[in-house]
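Colleague: I have just opened this one, and I would like to understand the words people use for it. Could you walk me through them?

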Amino acid sequence: MSKLGLPERWIDRVMSYVASTSFSIRINGKAYDNIRPSRGLRQGDPLLPYLFLLCAEGFSSMLAKAQDEGRVHGVVICRRAPCISHLLFADDSLLFCGANQEEVQVISDVLQTYAVASGQCINFEKSSVYFISNTTTEFREKIKETLGVREVERFDAYLGLPPLVG
């Protein structure tokens with residue numbers, strides 16, 4: 001949050017809310033109170049969507065910085081269109097980069113940094129990679145190994161829409 005330029009006082013307030021969560025429960029009629037969860041907030045907490053947006057902004061900023069520095073090259077869909085290195089929707093992310101070891105390593109480093117900084121775990125079992133047709137089999141294997149994801153031949157639909165057109 002400090003990297004996003006938020007005031008230290010505000011960060012301290014948010015973190016005290018996250019860290020001060022406690023619960024009181026009954027087990028077999030006996031009350032147990034002041035149970036402090038070790039993983040922070042619970043699902044459904046009204047603060048979660050806002051914290052998630054802050055995390056997503058940090059993730060987006062790291063990817064944009066890598067693109068600005070020329071370490072990642074996204075896709076351009078037509079002449080004079082902006083280069084796109086990532087698209088975020090809710091808790092899904094689509095990342096675009098060149099099919100080379102250097103750019104894939106940058107993406108891997110950003111994902112690791114994000115996971116450590118946010119405390120969120122990236123589910124690589126639910127993650128996949130799609131290659132354009134001229135990517136060699138050797139490169140495909142290296143990239144899948146680096147990222148720890150599986151390859152998909154084609155995407156059927158994303159949110160009911162065709163993800164690849166043309």
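**Reading the labels**

Modeller: Happy to, and we can begin with one pair: Phe89 has Asp92, in β4, as its bridge partner. Please keep in mind that this is a predicted model.

Colleague: What makes β3 and β4 a pair of strands?

Modeller: Two strands pair if at least two bridges are found between them. Strand β3 (residues 86–89) and strand β4 (residues 92–95) have four bridges, in the antiparallel sense, so they meet that rule. The hairpin they form has two residues between the strands, and Ala90 takes a positive phi near 50° there.

Colleague: Where do these strands sit in the overall order of elements?

Modeller: The order from the N terminus is α-β-β-α-β-β-α-β-α-β. That gives the protein chain four helices and six strands.

Colleague: Let us go to a helix. Why is Ser108 called buried?

Modeller: Buried means under 20% relative accessible area. Ser108 has 8%, so it is buried. Ser108 belongs to helix α3 (residues 101–118). Leaving aside neighbours within four places in sequence, Ser108 is in contact with Thr146 and Leu147.

Colleague: And Ile107, is it buried or exposed?

Modeller: Ile107 is at 5% relative accessibility, so under the 20% cut-off it counts as buried. Ile107 is also in helix α3. Beyond neighbours within four places in sequence, its contacts are Leu63, Val72, Leu95, Cys97 and Leu147. From Ile107 to Phe96 the C-alpha distance is 9.1 Å, and the two are 11 residues apart in sequence.

Colleague: How much of the protein chain is buried?

Modeller: Buried residues are 20% of the 166 residues. The surface that the chain exposes comes to about 12500 Å², with 55% of it supplied by carbon and sulfur atoms.

Colleague: What share of the contacts joins residues at least 24 apart?

Modeller: The share is 43%, taken among contacts between residues at least 6 apart in sequence.

Colleague: Now the charged side chains. What makes Glu151 and Arg140 a salt bridge?

Modeller: Side chains of opposite charge can pair when their charged atoms come close. The rule asks for a side-chain nitrogen of Lys or Arg within 4 Å of a carboxyl oxygen of Asp or Glu. For Glu151 and Arg140 the N to O distance is 2.6 Å, so the pair satisfies the rule. This pair links distant parts of the chain, with Glu151 in strand β6 (residues 150–151) and Arg140 in helix α4 (residues 137–147), 11 residues apart.

Colleague: Which residues are linked with them in a network?

Modeller: The network of salt bridges links Arg140, Glu141, Lys144 and Glu151. In the bridge of Glu141 with Lys144, the closest N and O atoms are 3.0 Å apart. Both of these residues lie in helix α4, three residues apart, about one turn of the helix. Lys144 forms a salt bridge with Glu151 as well, at 3.2 Å between the closest N and O atoms. The count for the structure is six salt bridges.

Colleague: How do you know which members of that network are buried and which are partly exposed?

Modeller: The same yardstick works here: under 20% is buried, over 50% is exposed, and partly exposed is in between. Arg140, at 15%, is therefore buried, and Lys144, at 17%, is buried too. Glu151, at 23%, counts as partly exposed, and so does Glu141, at 44%.

Colleague: What about the cysteines Cys78 and Cys121: how exposed are they?

Modeller: Cys78 has a relative accessible area of 44%, so it is partly exposed. Cys121 has 70%, which is over the 50% cut-off, so it is exposed. The structure holds zero disulfides.

Colleague: Last one: what makes Ile27 eligible for a nonpolar patch on the surface?

Modeller: A patch residue needs over 30% relative accessible area and no salt bridge, and nonpolar side chains are joined within 5 Å. Ile27, in strand β1 (residues 23–27), is partly exposed at 43%, so its area passes that cut-off. Ile25, Ile27 and Tyr32 form the patch, with about 250 Å² of accessible area together.

Definitions and conventions:
Residues are numbered from 1 along each chain as its sequence is written. This is a predicted model: local features need pLDDT of at least 70, side-chain atom pairs count only at pLDDT 80 or more; totals for chains, interfaces and linings use all residues. Side-chain values use heavy atoms; hydrogens and water are left out. Buried means under 20% relative accessible area, exposed over 50%, partly exposed in between (1.4 Å probe, protein chains only). Contact means heavy atoms within 4.5 Å. Accessible areas come from the Shrake-Rupley method with a 1.4 Å probe; for residues, only the protein chains shown count as cover. A disulfide is a pair of cysteine sulfur atoms within 2.5 Å. Patches are made of residues with over 30% relative accessible area and no salt bridge: like charges are joined within 9 Å, nonpolar side chains (Val, Leu, Ile, Met, Phe, Trp, Tyr) within 5 Å.
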